[in-house]
Amino acid sequence: MTLSRFFEFDFTILQLAFSLCIGLFSILFVYLFFKKTSARRNVILLTGLSDSGKTQIFSKLININKEIQSYASMQENIYNGTVANSSKEVSIVDFPGTLRLRSRLFSKWLSSELNTIKGIILVIDSSMFTKQARDIAELLYDILLKTKSSINIFVACNKQDILLSKNKDVIKTTLEKDLGLINKSRSASLDTTDGSRKDELLTETGENFKWEDLPRLKIFFDEIIACVEDDCDKTIDIEAISQWMNSLQ
């Protein structure tokens with residue numbers, strides 16, 4: 001083998017070795033990045049209007065035997081650890097439902113802390129749904145907008161033990177209609193501007209909005225009971241939430 005051929009051969013091996021190292025480094029980087037992201041994304045966010053039953057659900061999930069007194073809190077309840085019927089380590093955030101704190105929900109948990117959220121539980125008082133439907137729809141609309149419909153959402157249709165409470169199918173259908181109406185009204189307001197804020201719309205289907213318009217959306221509706229009466233331990237049923245949480249990757 002001539003000297004020139006030797007160096008040519010040696011350089012080829014060096015190129016292959018270098019390419020292999022780059023490839024292995026890239027794979028390792030991607031693996032560590034997704035592992036870190038997955039490890040950080042462990043927050044379950046409880047949200048909803050005031051008096052919907054969020055704190056009662058929170059107390060049951062973290063295995064507190066006595067009932068937590070429900071009142072208009074001004075800050076989050078946060079728990080880190082395992083929850084009922086699960087060995088997974090999670091962080092559960094019970095965010096107050098009062099309207100004046102709504103901006104902090106979006107500026108903190110649905111903005112700067114968004115990459116830590118694994119799932120969102122939207123708690124609804126099914127017995128008051130007819131009166132609160134539009135307010136609930138506004139909250140859900142903004143949650144979907146902020147998360148780009150990419151985070152798992154469980155809509156907990158609570159207080160099913162109360163007579164005349166709306167069932168999950170009625171709630172799902174009504175929210176779909178109200179989201180369409182919000183789409184229409186916000187679209188109309190944007191038409192009066194230069195149209196550069198289209199990212200403030202959930203979809204461009206207006207009032208004809210359907211759940212199918214959000215192909216990335218993973219939203220689940222189910223009925224639960226988390227009452228606050230003295231004998232409510234006899235009727236507590238949040239098994240659907242526990243199963244949903246266990247299904248999250």
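Biologist: Starting with F221: buried or exposed?
Modeller: Buried. F221 has a relative accessibility of 8%. Keep in mind that this is a predicted model.

Biologist: Good to know. How many aromatic pairs does the structure hold?
Modeller: Four. One of them is F154 with W244, a tilted pair. Their ring centres are 5.5 Å apart, with 55° between the planes.

Biologist: Where do F154 and W244 sit in the chain?
Modeller: F154 is in strand β5, and W244 is in helix α6, residues 239–247. The two are 90 residues apart, so this pair links distant parts of the chain.

Biologist: Buried or exposed, those two?
Modeller: Both count as buried. F154 has a relative accessible area of 0%. W244 comes to 8%.

Biologist: Back to F221, then. What kind of pair does F221 form with W211?
Modeller: An edge-to-face one. The centres of W211 and F221 are 5.8 Å apart, and the planes meet at 65°. W211 lies in the loop between α5 and β6, while F221 is in strand β6. They are 10 residues apart in sequence.

Biologist: And W211, buried or exposed?
Modeller: Buried, at 10% relative accessible area.

Biologist: Which residues make up the aromatic cluster?
Modeller: F154, F220 and W244 form one cluster.

Biologist: On to packing. Which residues touch the most other members in the largest nonpolar core?
Modeller: L45, L140, I153, L175 and W211. That core has 40 residues. At least two residues each come from β1, α3, β4, α4, β5, α5 and β6. The largest share is from α4, with nine residues.

Biologist: What does W211 touch, beyond its sequence neighbours?
Modeller: Leaving out residues up to four places away, W211 contacts L140, K172, L175, E176, L179, L217, I219 and F221. Apart from the largest core lies another one, of 21 residues. I44, V83, I238 and L248 are among its members.

Biologist: Why would nonpolar side chains gather like that?
Modeller: In soluble globular proteins, nonpolar side chains tend to be buried together.

Biologist: Switching to charges. How many salt bridges are there?
Modeller: Eight. One of them joins E76 and R104, with the closest N and O atoms 3.0 Å apart. E76 lies in the loop between α2 and β2, and R104 in helix α3, so the bridge ties together parts 28 residues apart in sequence.

Biologist: How exposed are E76 and R104?
Modeller: E76 is buried, at 15% relative accessible area. R104 is partly exposed, at 28%.

Biologist: How far apart are the closest N and O atoms of E76 and K108?
Modeller: 3.7 Å, and the two form a salt bridge. K108 is also in helix α3, so this pair ties the loop holding E76 to a part 32 residues away in sequence. K108 is partly exposed, at 30% relative accessibility.

Biologist: Which side chain meets K159 in a salt bridge?
Modeller: D125 does, at 3.2 Å from N to O. K159 is in the loop between β5 and α5, and D125 is in strand β4. They are 34 residues apart, and the pair links distant parts of the chain.

Biologist: K159 and D125, buried or exposed?
Modeller: Both are buried. K159 has a relative accessible area of 18%. D125 is at 7%.

Biologist: Which residues are joined into one salt-bridge network?
Modeller: R134, E138, D142 and R186. Their bridges share partners.

Biologist: What about R102? Which side chain of opposite charge is nearest?
Modeller: D142, at 6.0 Å. R102 is buried yet has no salt bridge, because that distance exceeds the 4 Å cut-off. R102 sits in helix α3. Not counting residues up to four places away, R102 touches L49, G97 and L139.

Biologist: Last, the overview. What is the secondary structure count?
Modeller: Six helices and six strands. From the N terminus, they run α-β-α-β-β-α-β-α-β-α-β-α.

Biologist: How much of the chain is buried?
Modeller: Of its 249 residues, 42% are buried. The accessible surface comes to about 14600 Å², and 55% of that belongs to carbon and sulfur atoms.

Biologist: And what share of contacts joins residues 24 or more positions apart?
Modeller: 72% of the contacts with a separation of 6 or more.

Notes:
Residues numbered from 1 in each chain as written. Predicted model: local features only at pLDDT ≥ 70, side-chain atom pairs only at ≥ 80, totals over all residues. Heavy atoms only, no water. Helix = DSSP H or I, 4+ residues; strand = E, 2+ residues; numbered from the N terminus. Buried < 20%, exposed > 50% of the residue type's maximum accessible area, 1.4 Å probe, protein only. Lys, Arg positive; Asp, Glu negative; His and termini not counted. Contact = heavy atoms within 4.5 Å. Areas by Shrake-Rupley, 256 points an atom, 1.4 Å probe, with all protein chains shown as cover. Core = buried A, V, L, I, M, F, W, Y, C linked by side-chain atoms within 4.5 Å. Phe/Tyr/Trp six-rings, centres within 6.5 Å; stacked < 30°, edge-to-face > 60°.
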